[in-house]
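Work through the following exercises with the structure open. Each one gives a task and then a solution in steps.

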Amino acid sequence: MLRKSVETRDWLNTIEPRNVRAVMKRVVEDVTFIDSQVGMLYEEGVRKAHSSDSSKRTFQSYSGPRKHQSTARSFTPSTAYDTSLMSNIQKLFSERIEIFSSVEFSKVSVLTGIIKISLKTFLECVRLRTFGRYGLQQIQVDTQYLNLYLWRFVSDEKIVHVMLDEIVGSTVHRCLEPVLMEPSIVDVICERS
């Protein structure tokens with residue numbers, strides 16, 4: 001479902017995002033359903049303590065405190081060599097998430113595994129596309145919407161945050177005109193949906 005939603009859309013000529021895409025709502029619905037089904041089979045499991053602002057987190061690592069009037073060009077280096085170097089440096093300091101790790105017999109562990117594989121699929125599909133300005137902004141809205149809900153199902157909310165940040169970062173690198181949407185506008189769109 002996630003793969004088809006990325007592959008079948010024209011990301012270069014999409015319109016300015018006004019809503020979360022229906023597929024993202026469906027992903028949250030499906031994960032909620034899976035949560036109830038797996039909960040009938042296994043006990044809860046262990047979760048790491050979560051921060052109080054998890055649902056309000058926006059992707060500041062790419063937008064930073066500056067206004068979005070300037071493009072993300074300050075984030076995006078000018079040459080292919082610079083882009084490669086910056087990506088490699090960023091990977092050194094980002095938390096490494098093992099996607100296909102072992103799964104324990106608990107609800108949290110099973111759902112964490114499902115969500116990690118789903119987000120990795122989303123990331124790999126994004127890496128195969130080219131995006132326009134509004135395509136990037138739609139991904140930004142979609143990932144923020146997923147962030148609002150998916151962190152509740154995993155053993156450690158950092159997993160969701162890191163993977164969604166990586167999706168947005170990958171989209172920025174594959175965007176012809178990388179201009180991120182104002183985080184407050186993204187929040188309004190997600191709350192309306």
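A salt bridge here is a side-chain nitrogen of Lys or Arg within 4 Å of a carboxyl oxygen of Asp or Glu. The model is predicted.

**Exercise 1. Trace the network of salt bridges that contains K120, E124, R127 and E166.**

Solution.
- Step 1. Start with E124, which forms a salt bridge with K120; their closest N and O atoms are 3.2 Å apart.
- Step 2. Place this pair: both residues lie in helix α5, four residues apart, or about one turn of the helix.
- Step 3. Take the next pair, in which the side chains of R127 and E166 meet in a salt bridge at 2.9 Å, N to O. This pair links distant parts of the chain, with R127 in the loop between α5 and α6 (133-150) and E166 in helix α7 (residues 157-173), 39 residues apart.
- Step 4. Put the pairs together: K120, E124, R127 and E166 are linked in a network of salt bridges.
- Step 5. Set the network against the total, which by this rule is nine salt bridges.

**Exercise 2. Are K120 and E124 buried, partly exposed or exposed?**

Solution.
- Step 1. Recall the cut-offs: buried is under 20% relative accessible area, exposed is over 50%, and partly exposed is in between.
- Step 2. E124 has a relative accessible area of 32%, so E124 is partly exposed.
- Step 3. K120 has 26% relative accessibility and therefore also counts as partly exposed.

**Exercise 3. Locate the salt bridge of R133 and say which parts of the chain it links.**

Solution.
- Step 1. The partner of R133 is E177, and the closest N and O atoms of the two are 4.0 Å apart.
- Step 2. R133 is in helix α6 and E177 in the loop between α7 and α8 (183-192), 44 residues apart, so the pair links distant parts of the chain.
- Step 3. R133 is partly exposed at 31% relative accessibility, and E177 is partly exposed at 36%.

**Exercise 4. How do the axes of α2 and α5 run relative to each other?**

Solution.
- Step 1. The axes of α2 and helix α5 (residues 107-126) come within 9 Å and cross at roughly 155 degrees.
- Step 2. Angles over 145 degrees count as roughly antiparallel, and α2 and α5 are therefore roughly antiparallel to each other.
- Step 3. The crossing of α2 past α5 is right-handed.

**Exercise 5. Which residues form a nonpolar patch on the surface?**

Solution.
- Step 1. The patch consists of M40, L41, Y42 and F105, with about 520 Å² of accessible area together.
- Step 2. L41 belongs to helix α2 (residues 22-41).
- Step 3. With a relative accessible area of 66%, L41 is exposed.

Key
Residues are numbered from 1 along each chain as its sequence is written. This is a predicted model: local features need pLDDT of at least 70, side-chain atom pairs count only at pLDDT 80 or more; totals for chains, interfaces and linings use all residues. Side-chain values use heavy atoms; hydrogens and water are left out. Patches are made of residues with over 30% relative accessible area and no salt bridge: like charges are joined within 9 Å, nonpolar side chains (Val, Leu, Ile, Met, Phe, Trp, Tyr) within 5 Å. Accessible areas come from the Shrake-Rupley method with a 1.4 Å probe; for residues, only the protein chains shown count as cover. Helices (H or I, at least four residues) and strands (E, at least two) are DSSP runs, numbered from the N terminus. Buried means under 20% relative accessible area, exposed over 50%, partly exposed in between (1.4 Å probe, protein chains only). Axes are lines fitted to C-alpha atoms, for helices over the stretch in contact, and angles run from 0 to 180 degrees between N-to-C directions. Angles under 35 degrees count as roughly parallel, over 145 as roughly antiparallel, 65 to 115 as roughly perpendicular and the rest as oblique. A crossing is left-handed if the near helix is turned anticlockwise from the far one by less than a right angle, and right-handed if clockwise.
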